[in-house]
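Please read this note with the sequence and the 3D view side by side, and look up each residue as it is named. The points below move from open spaces to a helix and then to single residues.

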Amino acid sequence: MAVQAEAGAISRRRTRASSAVRGYGRATPYLFLAPYLLLFLLFVVGPALFGLWMSLHDWDFQLPGKPFVGLQNYQDLFDPLSATAEPFWHGMRATGIFTVASVPFLVAVPLGLAVLLNRKFPGRTFFRAVYFAPFVLGVAVIGLMFRYILDTNFGILNAFLEVFGLPEIGWTNDQPWAWISLVLVTVWWTAGFNSIIYLAGLQDIPAEQYEAAALDGASRWQQFVHVTLPGLRPVTVFIVTITLLASANMLGQSMLITQGGPGDSTTTALMVITSTGFSQFRMGQAAAMSYLLAAALAIVSLIAFALMRERKS
């Protein structure tokens, strides 16, 4: 009887130990996620909720009180007579122009580069690094560098055109050259990042699919259309989405290269929001603008995702 009792006690201790181990095992993923979740709550969710709270108040840094105004800041953005509506929607229009003009190039050019860099040739690694290198530069470096390159009076580019007897171009002072300049600079700066993502996607496409297509008599173009593009669909959806968001949040290039000009034609929504909040100290109205911009970007991203997702037969 004593032996049986001792065996039962040992069995119960083993059961409790096994349960404790399983409990720790279930908690392990949450323990690994805890640092990220803490930072996410502290630096993303917290500021987002605080910004939403600010958008419901007349939040002026110069005033001691912050009266609650409800949705008035949002309503003012749709009131043509308010002081905030016209600048904001003008900025949204400029943001839309830049997004529509830049996104096709930021998707197509990196795809072409990735296809070329995916082939085997001497120095392939070097050229991959060269095309990616501009992306590591900060927007301040890019902006100031191209501000001098594109300057109408003493810019290097106009000096180069003058050598060949070509007329000067107002790269930052005239339209549509200001938009063309911003798009070209952005493509040169960020195309390498999308190319690297495309390269990773290309390397996941099985070589057997290209071999089978070649045996069926498919040309290189037909292989690209019927093998490469379908294989890159998930990557393309990701690239289109992040590129839409990045282009719609363009700030530094316009602020440093064209300074919002000529006139205010390249003054984007983020420039209007920044000016309203940090120059005019009207953070409540700036917060309302930012949330309206975020809502517009969310809708556009969902539409793009829905249009590009793979259809199931």
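1. A pocket, as the word is used here, is found on a 1 Å grid over the protein atoms alone: it is an open set of points where a 1.4 Å probe fits, with protein on both sides within 12 Å along at least five of seven lines, and its lining residues have an atom within 4 Å of a point. Grid points are joined across faces, edges and corners, and a volume is the space filled by probe spheres set on the points. By this reckoning the second largest pocket holds about 260 Å³ of space. It is lined by 17 residues, of which F135, T186, T190, A246 and S247 come closest to its centre.

2. Before going further, please note that this is a predicted model, in which local features need pLDDT of at least 70 and side-chain atom pairs count only at pLDDT 80 or more, while totals for chains, interfaces and linings use all residues. Residues are numbered from 1 along each chain as its sequence is written, and side-chain values use heavy atoms, with hydrogens and water left out.

3. Which helices build the wall of the second largest pocket? At least two lining residues come from each of α3 (85-117), α7 (177-202), α10 (233-248) and α11 (252-258), where helices are DSSP runs (H or I, at least four residues) numbered from the N terminus. The largest share, five residues, is that of α7. By class this lining has nine nonpolar, eight polar and no charged residues; Ala, Val, Leu, Ile, Met, Phe, Trp, Tyr, Cys and Pro count as nonpolar, Asp, Glu, Lys and Arg as charged, and the others, Gly among them, as polar.

4. The largest pocket contains about 570 Å³ of space. Its lining is made of 16 residues, and V115, N118, R119, Y210 and R220 are the closest to its centre. Two or more of the lining residues are given by each of α8 (207-215) and α9 (220-231), and the largest share, five residues, belongs to α9. Here the classes divide into eight nonpolar, four polar and four charged residues, whereas the lining of the second largest pocket has no charged residues.

5. Helix α13 covers residues 283-308, which is 26 residues, and spans 37 Å from its first C-alpha to its last, close to the 38 Å expected at 1.5 Å a residue; the expected span is 1.5 Å times one less than the number of residues. Several residues of α13 are buried, among them M283, L292, L297 and A304, where buried means under 20% relative accessible area, exposed over 50%, and partly exposed in between (1.4 Å probe, protein chains only).

6. Is Q285, a residue of helix α13, buried or exposed? Q285 counts as buried because its relative accessibility is 17%. Its side chain is joined to that of R282 by a polar contact of 2.7 Å, meaning a pair of N or O atoms within 3.5 Å, of which, within protein, one must be able to donate a hydrogen and the other to accept it, and residues adjacent in sequence count only if both atoms are side-chain atoms. Leaving out residues up to four places away in sequence, Q285 also touches N73, T84 and T276, contact being heavy atoms within 4.5 Å.

7. Two loop leucines are worth comparing. L150, in the loop between α5 (139-149) and α6 (156-163), counts as buried because its relative accessibility is 6%, and its contacts beyond four places in sequence include L157, W171, V185 and I257. The C-alpha atoms of L150 and W171 are separated by 5.7 Å, although these residues are 21 residues apart along the chain. L71, by contrast, lies in the loop between α1 (2-55) and α2 (72-76) and counts as exposed because its relative accessibility is 53%.

8. Finally, please check the backbone at a few loop positions. Most residues other than glycine have a negative phi, and most peptide bonds are trans. The bond that joins Q175 and P176 is cis, with omega about 10 degrees, and P176 is in the loop between α6 and α7. Another cis bond runs from G261 to P262, with omega near 0 degrees. Q259, which is not a glycine, has a positive phi of about 55 degrees, and F281, also not a glycine, has one of about 65 degrees. Q259 counts as exposed because its relative accessibility is 54%, while F281 is partly exposed, with a relative accessible area of 30%.
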